[in-house]
Amino acid sequence: MTTFTPSSAAEVLIAVQWAAVNEAPLEIVGHGSKRGIGRPAQTEHTLDLSSLTGVTLYEPEELVLSARAGTPLAEIEKLLAESGQELAFEPMDYGPLLGSQRGRGTIGGVLAANLSGSRRLKAGAARDHILGISAVSGRGEAFKSGGRVVKNVTGYDLSKAMAGSWGTLAVLTDVTFKVLPKAETETTLAVRGLLDEDAAIAMALALGSSAEVSSAAHIPENLAGSIAGGSLAGSSATLLRIEGFGPSVIYRSRALIDPLKNAGPIEEFAGDASSAIWRDVRDCIPFADGSERPVWRISMTPGEAHKMVMALRMEAACDAFYDWQGGLVWLRMEADPEHETIRRLLKQFGGGHATLVRASHALRAALPVFEPQPAALAALSARLRQEFDPKGILNPGRMVPADRSASLEGSKQGEINP
């Protein structure tokens, strides 16, 4: 078994060319913070990008940052904060959920997994902020897409194609992201004591108001105590975040409290206290329990989410909380994943995507981890995979079984998960 640790794009190219010539599959990793997502690796060799680090361009006035793919996300966020800027899509950190520390993710992993946070309702995900990439395909060919300035959209779709591909199309060597000014302040209103159905109504009301709510989540009573050091303990919390300039945040908060005052008691959390709440919601801290109990990440129609969860509880034991106004459901199953039940109910309640993000090694090897794709998207996945990695040497088996004789058929099951 060989581990390649390149420190430059040229060394990445050499390693991938060797693998392509020898048809030797490679596991692509940064610091391994998301290694537990997807099917277990079916490779003998590893391409470790943790030494491919460094910010290569940062122009705060132009709202653009470029970095090598292995650069720690924590390092980038610290640099941006010093200039009052941020990655507006606030990428999730899977570390705590998967049993490791916060801050181990890399900027290349952010794009490969198409990460986002609770602000996705307003800001989108990584694919909505990527400006350009440099990468090496499974053919052993270096290529570039996009550029370093916000107005340059040449090749933008190719950059987006890397989002959510989990390293199965190409090895990212450099990425360029759009950055934005960080809000001066933020306030979170927590409506206490609502049941899931009532919370869905309250969140819809808030998002439909003029308060410009940037995030909306609901944490049931049994999970609320795990958020922000227990600051929400005691009852369920329906969370609404308002960001911007201080006077504007105050005005919009007051305007939102009035239509919600009959829903239940309302608490306010400002500044760092608010940020701590949303950091824990973003990182799925209620389920970061050190266990391997299966956790599902479900994207679906917001108004149908609580109905789906209720129907699921009639058939299986689970806990759930909601982000993105209910458009993102986090499920923790008390037993083996009821994947057929979950996907059947998901289809029944409007459709969406269900991804198994935590489970034992055996279960990840046995189950379809990523959502099976519709025919049209499956055909596109097959063509892209054939074009970028015809020999199937990049992260084979992570998203589908790596049976070479069925590689194209396997791509129909979700090699690219938007």
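How many cavities of 30 Å³ or more does the count come to? The points below take up that question along with the confidence, the cores and the pockets.

1. This is a predicted model, and the confidence attached to it should be read before the details. The protein chain has a mean pLDDT of 91, with 94% of its residues reaching 70 or more. Two stretches call for caution, since pLDDT stays under 50 over residues 150-156 and also over residues 403-418. The model nevertheless has 17 contacts beyond four places in sequence for residues 150-156, and 49 such contacts for residues 403-418.

2. The count comes to one cavity of 30 Å³ or more, and the space in the largest cavity is about 50 Å³. Its lining is made up of Asp196, Ala200, Met203, His218, Pro302, Ala305, His306, Tyr322, Gln325 and Gly326. Helix H6 (196-207) and helix H10 (305-313) are the elements that give two or more residues to this lining, and H6 gives the most, with three. By class, the lining of the largest cavity has five nonpolar, four polar and one charged residues.

3. Turning to the interior, the largest nonpolar core has 98 residues, and those with the most contacts inside it are Leu111, Phe177, Ile298, Trp330 and Leu331. Once neighbours within four places in sequence are set aside, Leu331 is in contact with a number of residues, among them Phe287, Trp296, Ile298, Leu312, Asp319 and Ile342. A second core, separate from this one, has 15 residues, including Val191, Ala199, Met203 and Ala206; Met203 also appears in the lining of the largest cavity.

4. The largest pocket holds about 610 Å³ of space and is lined by 30 residues, of which Glu77, Glu90, Lys182, Arg279 and Arg282 lie nearest its centre. Two or more lining residues come from each of helix H2 (73-82), strand S6 (85-86) and helix H9 (271-282). The lining of the largest pocket divides into 10 nonpolar, six polar and 14 charged residues.

5. The second largest pocket, with a volume of about 490 Å³, is lined by 35 residues, and Ile28, Val29, Gly30, Asn395 and Arg398 lie nearest its centre. At least two residues of this lining are supplied by each of strand S2 (26-29), helix H3 (107-112) and strand S9 (170-178). Its classes are 14 nonpolar, 14 polar and seven charged residues.

Notes. Residues numbered from 1 in each chain as written. Predicted model: local features only at pLDDT ≥ 70, side-chain atom pairs only at ≥ 80, totals over all residues. Heavy atoms only, no water. Core = buried A, V, L, I, M, F, W, Y, C linked by side-chain atoms within 4.5 Å. Buried < 20%, exposed > 50% of the residue type's maximum accessible area, 1.4 Å probe, protein only. Contact = heavy atoms within 4.5 Å. pLDDT = per-residue confidence, 0-100. 1 Å grid on protein atoms, 1.4 Å probe; cavity = no way out; pocket = protein on both sides within 12 Å on 5 of 7 lines; lining within 4 Å. Points joined across faces, edges and corners; volume = space filled by probe spheres on them. Helix = DSSP H or I, 4+ residues; strand = E, 2+ residues; numbered from the N terminus. Nonpolar A, V, L, I, M, F, W, Y, C, P; charged D, E, K, R; others polar.
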